[in-house]
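Here is a short note to help you find your way around this structure. Have the viewer open and follow the points in order.

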Amino acid sequence: QVQLVESGGGLVQAGGSLRLSCAVSGSIFSIKSMGWYRQAPGKQRELVADITTSSNTNYADSVKGRFTISRDNAKNTMYLQMNSLKPEDTAVYYCAMLIAPTPEELYDYWGQGTQVTVSS
């Protein structure tokens with residue numbers, strides 16, 4: 001059974017840094033795309049950043065220049081390095097991947113979510 005396992009959230013002061021990780025658990029055929037999303041209280045879930053199989057990246061305007069998304073294909077793992085954190089970055093962060101568990105299947109998978117809290 002394929003699962004995404006997130007780690008790395010926590011409490012940090014404004015201006016600090018955190019690194020989130022999202023690892024694939026279980027046997028898969030390939031990963032088509034990867035991305036990080038976040039949802040703050042009372043707000044809709046929004047895309048933070050995504051990365052393609054060729055490592056092309058896309059960022060929300062609110063995090064450009066502060067966050068960096070990366071992937072390790074050998075480990076089936078994705079990362080989100082978050083620097084210069086602001087209180088408005090406080091949210092539950094979710095990783096998401098479009099994965100082919102077999103050559104004939106393709107599904108969206110989501111991580112369990114990890115809380116990031118930035119204090120002022």
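How many disulfides does the count come to? Please keep in mind while reading that this is a predicted model.

1. **The disulfide.** The count comes to one disulfide. C22 and C95 are the two residues joined, with an S to S distance of 2.1 Å. As a reminder, a disulfide is a covalent bond between the sulfur atoms of two cysteines. The link of C22 and C95 is right-handed, with 60 degrees about the S-S bond. C22 belongs to strand β3 (residues 18–25) and C95 to strand β9, so the pair ties together parts that are 73 residues apart in sequence. Are these two cysteines buried or exposed? Both C22 and C95 are buried.

2. **A neighbour in β3.** While you are at strand β3, have a look at L20, which is also found there. L20 counts as buried because its relative accessibility is 0%. The C-alpha atom of L20 is separated by 6.2 Å from that of G9, and the two residues are eleven apart along the chain.

3. **The four-stranded sheet.** Strand β3 also takes part in an open sheet of four strands, whose order is β1-β3-β8-β7 and whose pairing is antiparallel. Which strands form the edges? They are β1 (3–7) and β7 (67–72), each of which pairs on one side only. From one strand to the next, the twist averages 15 degrees. In general, side chains in a regular strand alternate between the two faces of the sheet.

4. **The β7 and β8 pair.** Strand β8 covers residues 77–82 and runs antiparallel to β7, with six bridges joining the two. If you would like one place to start, try F67, whose bridge partner in β8 is M82.

5. **Strand β9 and its surroundings.** Now move on to strand β9 (residues 91–100), the strand that holds C95. Why is β9 described as largely enclosed by the rest of the structure? Eight of its ten residues are buried, so the rest of the structure largely encloses this strand.

6. **The partners of β9.** Strand β4 (residues 30–39) pairs with β9 in the antiparallel sense over nine bridges, and Q39 stands opposite V92 in β9. Strand β11 (residues 114–119) also runs antiparallel to β9, and three bridges join them. There, A91 has V116 in β11 as its bridge partner.

7. **The hairpin.** Strand β10 (residues 107–110) is another antiparallel partner of β9, paired over four bridges. A96 is a good residue to click on here, since it stands opposite W110 in β10. How many residues lie between β9 and β10 in the hairpin that they form? Six residues lie between them.

8. **The largest pocket.** Rolling a probe the size of a water molecule over the atoms shows where empty space is left. The largest pocket has a volume of about 160 Å³. Its lining is made up of 13 residues, and R38, A40, K43, E46 and E88 lie nearest its centre. Which classes of residue make up this lining? Seven residues are charged, four are polar and two are nonpolar.

Notes
Residues numbered from 1 in each chain as written. Predicted model: local features only at pLDDT ≥ 70, side-chain atom pairs only at ≥ 80, totals over all residues. Heavy atoms only, no water. 1 Å grid on protein atoms, 1.4 Å probe; cavity = no way out; pocket = protein on both sides within 12 Å on 5 of 7 lines; lining within 4 Å. Points joined across faces, edges and corners; volume = space filled by probe spheres on them. Nonpolar A, V, L, I, M, F, W, Y, C, P; charged D, E, K, R; others polar. Pairing = 2+ DSSP bridges. Axes fitted to C-alpha atoms, helices over the stretch in contact; angles between N-to-C directions. Buried < 20%, exposed > 50% of the residue type's maximum accessible area, 1.4 Å probe, protein only. Disulfide = S-S within 2.5 Å.
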